[in-house]
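The exercises below invite the reader to examine a structure step by step. Each task is followed by a worked solution.

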Amino acid sequence: MAENERSSFKRQKMSKVWNHFTLRKADNMVQCIYCKTDLAYHNSTSSMLQHLNRKHPHVNSASPRGLGPSTSTSQSRMDSFVRPGPSCTVEETAVFTKSILNMLITDMRPLSMVDDTGFRNMIKAFNPKYTIPSRTHFTNMVEQKYSEMIDKDVATEAYLGITCHFLGDDWEMQSLSLTTMPLEERHTASNIADWLEEAATKFHIPFKKVKAVVHDNGANVVAAARILKERHGWASVRCAGHTLNLVVQNTLKSNKTISSCVASARCLVEHFKKSELPCTKLKEKQQQMGVQQHMLVQDVSTRWNSTLHMLSRLLEQRWPVTAALSDPAVNPRGKNHYLDLKPEQWILTEELTQILEPFEGATVFLSGEQYLTLSALPQLVQTLKKSTLSPAFETTPVKAFQNLAAEQITDRWKDLFTFKPEDPNTALLAAAMDPQFRKLKFLSSEESFKVQSTIHTMALTVRRQGRQPNEQGNESTTNTEEECPATQAQGSSRNVLGSSSDSSCSDEEDEKQNREVQREVLQYFGEHPLSKKEDPLSWWRENAARYPTLAKLAKSFLSIPATSTPSERLFSAAGNIASKRRASLTPDHVNMLTFLHCNHHLLV
């Protein structure tokens, strides 16, 4: 043994802890004389001290190895050897803190308990070296634990929700859930396009019957819609709800004064949500002031309208909130007075709610399923832009909000008021087929003429396709899109080689149909717009016989929703089904149960 090692061992043997352990130098182990536990020994007595502290805390008062009398002096000396050091290790602190958190959760104790003097003294007596964290730390731990449990929930698995929408024979809007398939592969544009085709094939929906795909603004989904448009001619319709959300979110975040005001309102609401005493005092003040006893609303970052609801509720409860914050029982030293909004912030909040209300109304309207939405989108966007700019507000931030919101609306819907016959806007075609908006007053006369001309051309195509089964006696020829080029060429040859009388009859028939369709189109667009109080679908039910060709076009375009909200509602149903109590459900069974739940109205 080297000289320094011998001196180190001599110093260590002088420690009183060796009165309770025996050393086995051959295998570098020590053994407790009480419980015969073996511990590894590496020229340090720390592990022995910790063992005595955990297993034999009272050896100092009755030592078999002659520690001397149990006097106060010997007690303090023994404490210096056996008791822990001045602070816990990181691992020990984590164990103690987690244990306290589990106690709070299991016994449903208030988080404020960790700040109580008695509780802190008790913990200090159990372990003086452990410093208990603050209530804020435990609050953050609760929120983190909640997020972790949510992430483990089977309902958070990725699913693709697909719904279909159409107008039935009675002109009633129909919405069906097709699938909530699990997404196990990469969510690429190509894969999403393939999944949509698979869903249509599974339910025997001919590709030529699909008019449009309504989707959100995700880059991969937009690219998938572009692929499907190239493959099958399906129109791509971006969700108006998502676009409206982007308009408001971007405008709110762009102004620092507004962002600061909203953040202050959020902190104020959080204070009443997280603390029992202010919440109780708020109820008392509501009763005293005769204000409705509504709870404050906490906003959600992903939904702008929840911010509006938060601000509106704060305005309703302004004076009870202010009184509660000023109550000495809640705030003896005015400690939380800073939480109350400043007078200029209350004014800003009031004006902000006024300017956001039209956006809320538009969002609610566009999310409906039982009435026409896409046909109303152009008029709604134009009206929303005007209403955004029309009110006169006092505060500079709200004036800036008005201008920026109008710019956002113009930029994000810039293609909504121009029409290209080679790539027609689906929303404008739907508006043209809605008797409420058939005059297309939101368009220039030139753009309106383009839309009507395109409707005329499409009506002629529909009329000719409807004539083909009667002329050729074979309904399979109605789908010219699915015929191979050779078949189409043969049909053209037969027309060319036919007799002159056949050609003459065909020309006469074409001219007759052209006149009938033209008369139908001119008569339809010449009528007065339907009153906003009347139902356009009821109007079509009563007038379909007068406009038989246009009625077919109307069913194709008016059934398209303006938002992807119906498909997003599937996830609410799927989340209730794929819960912890049903954790053993396979993805196929989740799909089946969701399908049956959402389509239960079809069950006899």
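**Exercise 1: The surroundings of F359**

Apart from neighbours within four places in sequence, F359 is in contact with L244, V247, V248, W304, L384, T388, A405 and I409. The model is a predicted one.

Task. Determine which residues have the most contacts inside the largest nonpolar core, and which helix gives the largest share of this core.

Solution. Step 1: the largest nonpolar core has 87 residues. Step 2: F359, W540 and L550 are the residues with the most contacts inside this core. Step 3: helix α14, residues 343-366, supplies the largest share of the core, namely 8 residues. Step 4: a second, separate core is also present; it has 15 residues, including L160, C164, L176 and A199.

**Exercise 2: The buried side of a helix**

Task. State which residues of helix α21 are buried, and explain why they lie on the same side of α21.

Solution. Step 1: helix α21 spans residues 536-543, and its buried residues are P536, L537, W539, W540 and N543. Step 2: these residues cover an arc of only 155° around the axis, and therefore they sit on the same side of α21. Step 3: the N-terminal end of α21 is capped by D535, with a side-chain oxygen 3.3 Å from the backbone nitrogen of L537.

**Exercise 3: The position of Q382**

Task. Decide whether Q382 counts as buried, partly exposed or exposed, and find which residues it contacts beyond its neighbours within four places in sequence.

Solution. Step 1: Q382 belongs to helix α15, residues 377-389. Step 2: buried means under 20% relative accessible area and exposed means over 50%. Q382 has 23% relative accessibility, so it counts as partly exposed. Step 3: leaving aside neighbours within four places in sequence, Q382 touches F417 and F442. Step 4: Q382 and W413 are 31 residues apart along the chain, and their C-alpha atoms are separated by 9.8 Å.

**Exercise 4: Three salt bridges**

Task. The structure holds 17 salt bridges. For the pairs D38 and R24, R313 and E316, and R546 and E527, establish where the partners lie in the chain.

Solution. Step 1: side chains of opposite charge can pair when their charged atoms come close. Step 2: D38 pairs with R24, and their closest N and O atoms are 3.3 Å apart. This pair links distant parts of the chain, with D38 in strand β3 (residues 38-40) and R24 in strand β1 (residues 21-24), 14 residues apart. D38 is partly exposed because its relative accessibility is 38%; R24 is likewise partly exposed, at 30%. R24, D27 and D38 are linked in a network of salt bridges.

Step 3: in the pair R313 and E316, the closest N and O atoms are 3.5 Å apart. Both residues lie in helix α12 (residues 304-316), 3 residues apart, which is about one turn of the helix. An α-helix has 3.6 residues a turn, so residues three or four places apart point the same way.

Step 4: R546 forms a salt bridge with E527, at 2.5 Å between the closest N and O atoms. R546 is in the loop between α21 and α22 (548-558), whereas E527 is in the loop between α20 (500-526) and α21, 19 residues apart.

**Exercise 5: The chain as a whole**

Task. How many helices and strands are there in the protein chain, and what percentage of its residues is buried?

Solution. Step 1: the protein chain contains 24 helices and 7 strands. Step 2: of its 604 residues, 39% are buried.

Methods
Residues numbered from 1 in each chain as written. Predicted model: local features only at pLDDT ≥ 70, side-chain atom pairs only at ≥ 80, totals over all residues. Heavy atoms only, no water. Core = buried A, V, L, I, M, F, W, Y, C linked by side-chain atoms within 4.5 Å. Buried < 20%, exposed > 50% of the residue type's maximum accessible area, 1.4 Å probe, protein only. Helix = DSSP H or I, 4+ residues; strand = E, 2+ residues; numbered from the N terminus. Contact = heavy atoms within 4.5 Å. Arc of directions from axis to C-beta. Polar contact = N/O pair within 3.5 Å; in protein donor to acceptor, adjacent residues only side chain to side chain. Salt bridge = Lys/Arg side-chain N within 4 Å of Asp/Glu carboxyl O.
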